[in-house]
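Trainee: May we go through this model together, beginning with how it should be read?
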Amino acid sequence: YQGAGAMASTILDVLQAKGTSEELKARLRTLETQKRVALDAEDFPKASEIQAKQAELLSLARVELGLKQDTKGGIPLSEVARHNKPHDLWVALNGVVYDLTDFLLHHPEQRNVLLAWAGRDATPVWDKIPGRFPSKTWMSFYMRPELRMGDVGPEAPEDPNAKLIKELRVELRRLQGPSEEEIQAAKAGTAKPQAPAAEATSAGEEERFPKLKDVKISKELPFFTRAEVAKHKGPAGGPAGTEPYMILHNKVYDLRPLLGAHPGGDDLLLNSAGLDATKEFEIFEHSEKARVRREQEMLVGYIVPAEASEWGKEAAAAGGVAAGGVESGPSSDLAQYLRYKVADVAVGVVALYAYKSYKHRKPLSNLTYSRLLRHLHLIMAVGIFGTLASAKAASYSDGLTKKRFLAVHKQTGVAMFAALLVRMYARMTSGIPPRFPSNPVMKFIETQSLRLFYLLIFVLPVSGMANEYFLKWASGDDAENDKKAKQSIEVHKSVGKFFEYVWMPFHLGWTTLYHASRGRGVVRKVSPFI
């Protein structure tokens, strides 16, 4: 019995042999299916039992069919590399290959160190740490003869026929020319040069954030397979073994310390529990301070080396990395067409606005709003609707699309804050027209509504900027800063909802309709084009 990988090739030999009966083939296929089901269910003892039955059946079949197993050349390291999982674990050491699958089942305390070298040659670290794997003391205490599979052998020479077929395929491809997929890949590769930020993002997280290297872990942490992490979906108060975990950059983090304190809310975290959320994490460009605190308070383990992935390289290979460090795949022709048309419409609107502003440039009476204040009325109205629309669109999006909408929301918010300051100056220097005739209560409510507008438009951007400041740049106690950041975003959301669902329907809806229904020129009173 040569182990799972050798057995796979043996099964193939038996199934392909001309003298193999259909009954034997059916039994072998049934055992292979049962073994895979057991492995998927992580029932490793049962999988080992089925594997033993396969070995016994194959042994009899090989004798009956007269097949010979080639074991003279040893086991190449390329074959060892295929056996790198907890349920199929080989290690090469000092020129010998060992199958430690069953050993790991009976010695779970050795899990971390064995999984770190699963499918690899551990000779370079031989006896570096006495008493630990791999060392003389460890081998003499734990190693048993039955775990030895054979010597490490050279890589198998390339089959001349396979080599000839490969050369013929290369020549055929040369004669046929590149395929459509290759042409599209070449176009995508030469369409745009990589942005400078792409180089920084393709680097490792610790290279981009040097302070992470200074974080000291006080205890040895376990290795997890991705299947094991997938079971940790929460909720926070659930049974043991279901605590909400998340994978980021091949490390496993416990989300419980962050629940109730994350600015994005608990739902955002729990929706990604049990998953690898590296891409989403990098999309929102978390600060170095947040990453350091994550390492200090939430790290609980690592992904086994065999299942580790390099996010930066994968993102670059998948179609380029955008300036924010996010994967950006090729756009469809329709998306490009719509972008061009949106840009054309924007240029046309700006040109029309400039033309109409030029046509209506004469100064107005001191008894009415000035031209500057009227233009600010219109610009701020457009900006406010744009800010609300981008926030609403971001709430229904995810990934890169969500990030782009949030960027528009933040930029228009800051622009509205600047416009508010200019508007306050313009209002103090402008003439103020008389109010529309109405009862005293209505006038009082309208006046207070206007004053409330200035307060709301001031609080909204300030609370948003405060959240960014406490999350990314504030010094001092991190817990206190996180608390202030959460309070800021809660104020931002609450004021935003009040502005959207109370102030706007009242001031821009009800009062406007009230005066318009009485024949009063509401639009003319504030329009810059008169």
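The exchange below turns to a nonpolar core, a helix pair and a single tyrosine.

Mentor: This is a predicted model, in which local features need pLDDT of at least 70, side-chain atom pairs count only at pLDDT 80 or more, and totals for chains, interfaces and linings use all residues. Residues are numbered from 1 along each chain as its sequence is written, and side-chain values use heavy atoms, with hydrogens and water left out.

Trainee: Which element gives the largest share of the largest nonpolar core?

Mentor: A nonpolar core is a set of buried (under 20% relative accessible area, 1.4 Å probe, protein chains only) Ala, Val, Leu, Ile, Met, Phe, Trp, Tyr and Cys residues joined through side-chain atoms within 4.5 Å. The largest one has 23 residues. Helices (H or I, at least four residues) and strands (E, at least two) are DSSP runs, numbered from the N terminus. Elements giving two or more residues to this core include strand E2 (88-93) and helix H7 (136-142), but the largest share, 4 residues, comes from H6.

Trainee: How are H20 and H21 oriented to each other?

Mentor: The axes, lines fitted to C-alpha atoms over the stretch in contact, have angles that run from 0 to 180 degrees between N-to-C directions. Those of helix H20 (residues 440-472) and helix H21 (residues 478-516) come within 8 Å and cross at roughly 155°. Angles over 145 degrees count as roughly antiparallel. H20 and H21 are therefore roughly antiparallel.

Trainee: Is Tyr 358 buried or exposed?

Mentor: Tyr 358 is found in helix H17 (residues 333-359). Exposed means over 50% relative accessible area. Because its relative accessible area is 52%, Tyr 358 is exposed.

Conventions. Angles under 35 degrees count as roughly parallel, over 145 as roughly antiparallel, 65 to 115 as roughly perpendicular and the rest as oblique.
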